[in-house]
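Good morning, and thank you for coming. I would like to take a few minutes to go through one model with you, beginning with its charged pairs and then turning to the helix around which they gather.

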Amino acid sequence: SLLSIRRTIPYFLYWQDRTALSAARVASSPLLLIFFSPAADQYLVPSFQKSLRHGKTYATSTDGEGFLQNLLAHCPDFDTAGKAITILGAGGSAKAIIERLLRANVKSITVANRTLARALELKATFGPKIIPIEPQQLNLKMCDLLINTTSQGMTGQPPLEINLEDLPPNAIVADIVYVPLK
């Protein structure tokens, strides 16, 4: 049987001398031995799915896969292949979603972030399909899927204010806000 536990592991397991641990490296402590999957290693998120198999702990992120599976469950006719995606935000959740969408053959992912440098880091990490922009440059006319990964709209945060008039009528809008759930 497979035991899965949602955990947060301290950042020190992800960083060594300010460089990412490679997927082949093993981080160990007296109580914990972790093998990092390529996905967990690539975007360095502190939450991951921990699975006990054969006495070893394997770490990966479920954020990207969970997002895509939820999207497809609610929009079963949506095919990501060849689609133009726009993501608002450039944090850990955005990284996880980008990684998964790139494996799903999207055409491009425009990343709009209030700090352009963070969006540029995603382009450096993930390659030429990433188009970093500042929010005022946002153009939704060719967007097939718009994803909000910012904290705007969460309890205690300001609402997300965005004009959706230019969004094509068949485009999908997704938001990963989880507090509140409505």
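**Salt bridges and the surroundings of helix 3**

The count of salt bridges in this structure comes to two. Please keep in mind that we are looking at a predicted model.

Let me take the pairs in turn. One salt bridge joins the side chains of glutamate 65 and arginine 100, with an N to O distance of 2.5 Å. Glutamate 65 belongs to helix 2, residues 63-74, while arginine 100 belongs to helix 3, residues 92-103, so this pair ties together parts that lie 35 residues apart in sequence. As for their surroundings, glutamate 65 is partly exposed, at 30% relative accessibility, and arginine 100 is buried, at 14%.

The other pair is arginine 103 with glutamate 99, where the closest N and O atoms are 2.7 Å apart. Both residues sit in helix 3, four residues apart, and are therefore separated by about one helical turn. The general background is that an α-helix has 3.6 residues a turn, so residues three or four places apart point the same way. Is each partner buried or exposed? Arginine 103 is exposed, with a relative accessible area of 52%, whereas glutamate 99 is buried, with 9%.

Let us now consider helix 3 itself. Its twelve residues should span 16 Å at 1.5 Å a residue, and the C-alpha atoms at its ends are 17 Å apart, which agrees. Which of its residues are buried? They are Ala94, Ala96, Ile97, Ile98, Glu99, Arg100, Leu101 and Leu102. Both Glu99 and Arg100, which we met in the salt bridges, are in that list.

Just after helix 3 we come to asparagine 105, which takes a positive phi of about 65°. Most residues other than glycine have a negative phi. Asparagine 105 has its positive value although it is not a glycine. Its place is in the loop between helix 3 and strand 9, the latter covering residues 108-112.

Asparagine 105 also brings us to threonine 80, since the two are in contact. Threonine 80 lies in the loop between helix 2 and strand 8, residues 84-88, and is buried, with a relative accessible area of 7%. What does threonine 80 touch, once neighbours within four places in sequence are set aside? The partners are Leu68, Leu101, Ala104, Asn105 and Val106. With alanine 104 there is a particular approach: a polar atom of the threonine 80 side chain lies 2.9 Å from the backbone oxygen of alanine 104.

A word on the cysteines. How many disulfides does a search of the whole structure find? The result is zero. Cysteine 75 is partly exposed, at 22% relative accessibility, and cysteine 143 is buried, at 3%.

Finally, the chain as a whole. The secondary structure comes to four helices and twelve strands. Of the 182 residues, 40% count as buried. Among contacts with a separation of 6 or more, 57% are between residues 24 or more positions apart. The chain exposes about 10800 Å², and carbon and sulfur atoms supply 54% of that area.

To close, I would draw your attention once more to the bridge between glutamate 65 and arginine 100, and to the buried threonine 80 with its contacts to Leu101, Ala104 and Asn105, among others. Thank you.

How values were computed:
Residues are numbered from 1 along each chain as its sequence is written. This is a predicted model: local features need pLDDT of at least 70, side-chain atom pairs count only at pLDDT 80 or more; totals for chains, interfaces and linings use all residues. Side-chain values use heavy atoms; hydrogens and water are left out. Helices (H or I, at least four residues) and strands (E, at least two) are DSSP runs, numbered from the N terminus. Buried means under 20% relative accessible area, exposed over 50%, partly exposed in between (1.4 Å probe, protein chains only). Contact means heavy atoms within 4.5 Å. Accessible areas come from the Shrake-Rupley method with a 1.4 Å probe; for residues, only the protein chains shown count as cover. A salt bridge is a side-chain nitrogen of Lys or Arg within 4 Å of a carboxyl oxygen of Asp or Glu. A polar contact is a pair of N or O atoms within 3.5 Å; within protein, one must be able to donate a hydrogen and the other to accept it, and residues adjacent in sequence count only if both atoms are side-chain atoms. The expected span of a helix is 1.5 Å times one less than its number of residues. A disulfide is a pair of cysteine sulfur atoms within 2.5 Å.
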